[in-house]
Amino acid sequence: MYFKKIKIKNFQSYYDLNSADLDNNLNLFLGTIGAGKSKLFNAFFWCFFGSIYKYEEKWVDITSANFLSIFNKKALKNAEINEKVKVEVTLTIQAEKLYKVSHSIEICKENEENYNSEKNWKFVKEELCISFDNIDGNHTVLENLQAREYIDKKTTPTTNK
């Protein structure tokens, strides 16, 4: 299995839409402090597991109560009242099948107060989606709970008894 592509929209330090094609060998991400290497790691991890790593707090689950920590600040600041802002990470993965895993959260700005406070935003929706083609050629899409269960099944080691 290897990652073929990552697309990031408004996730932490990544403003608007960014993407990178990845090689099935070795991919290195080099940069100075603050260049976005840790945020890129967070994008991968959040896409699968819904958590990010914060230095002082360690692993933090992202919920409808603390969603702003994954949003790009410029995207939040530039939003107008009643405008929706979406954070999205999409991974294309080559394994026995070609998978697309997409995780997104959409929020709506409610007032002009501090854009960096959850109370000034309405949580609209969160979506987790996995899509792939089956052996018989049918396209399968798993959403939310089904997608979470599929990820857990594929990423959690099983023990032989």
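This passage walks through the sheet of a predicted model, the helices packed on it, and one histidine in the middle strands.

Start with the sheet. Six strands line up as β2-β1-β5-β6-β7-β8, and the sheet they make is open, with antiparallel pairing. At the edges sit β2 (14-21) and β8 (139-143), each of which pairs on one side only. Going from one strand to the next, the twist averages 10°.

The pairings can be followed strand by strand. β1 and β5 run antiparallel and are joined by 7 bridges; here I8 stands opposite V89 in β5. From β5 the chain gets to β6 by way of a hairpin of 3 residues, and 11 bridges tie these two antiparallel strands together. V89 turns up again at this step, with H103 as its bridge partner in β6. Next along, β6 (residues 98-109) and β7 (residues 121-133) are also antiparallel, with 10 bridges between them. One of the pairs here is S102 with C129 in β7.

Two helices pack against this framework. Helix α1 (residues 37-49) touches β1 (2-11), β2, β5 (84-94), β6 and β7. The direction of α1 makes about 100° with that of β1. Helix α3 (residues 145-155), for its part, lies across β6, β7 and β8 and runs at about 55° to β7.

That brings us to H103, which lies in strand β6. Is this histidine buried or exposed? With a relative accessibility of 2%, H103 falls under the 20% cut-off, and therefore counts as buried. In a regular strand, side chains alternate between the two faces of the sheet.

What does the side chain of H103 reach at 3.4 Å? The target is the backbone oxygen of C47, and C47 falls within the residue range of helix α1. A polar contact of 2.6 Å also links the H103 side chain to that of E126, a residue in the range of β7.

The wider contact list of H103, leaving out residues up to four places away in sequence, fits the same picture. Among the residues touched are W46 and C47, then V87, E88 and V89, and also E126, E127 and L128. G50 and R148 complete the list. Of these, W46 lies within the span of α1, V87 within that of β5, L128 within that of β7, and R148 within that of α3.

Methods:
Residues are numbered from 1 along each chain as its sequence is written. This is a predicted model: local features need pLDDT of at least 70, side-chain atom pairs count only at pLDDT 80 or more; totals for chains, interfaces and linings use all residues. Side-chain values use heavy atoms; hydrogens and water are left out. Two strands pair if DSSP finds at least two bridges between them. Helices (H or I, at least four residues) and strands (E, at least two) are DSSP runs, numbered from the N terminus. Axes are lines fitted to C-alpha atoms, for helices over the stretch in contact, and angles run from 0 to 180 degrees between N-to-C directions. Contact means heavy atoms within 4.5 Å. Buried means under 20% relative accessible area, exposed over 50%, partly exposed in between (1.4 Å probe, protein chains only). A polar contact is a pair of N or O atoms within 3.5 Å; within protein, one must be able to donate a hydrogen and the other to accept it, and residues adjacent in sequence count only if both atoms are side-chain atoms.
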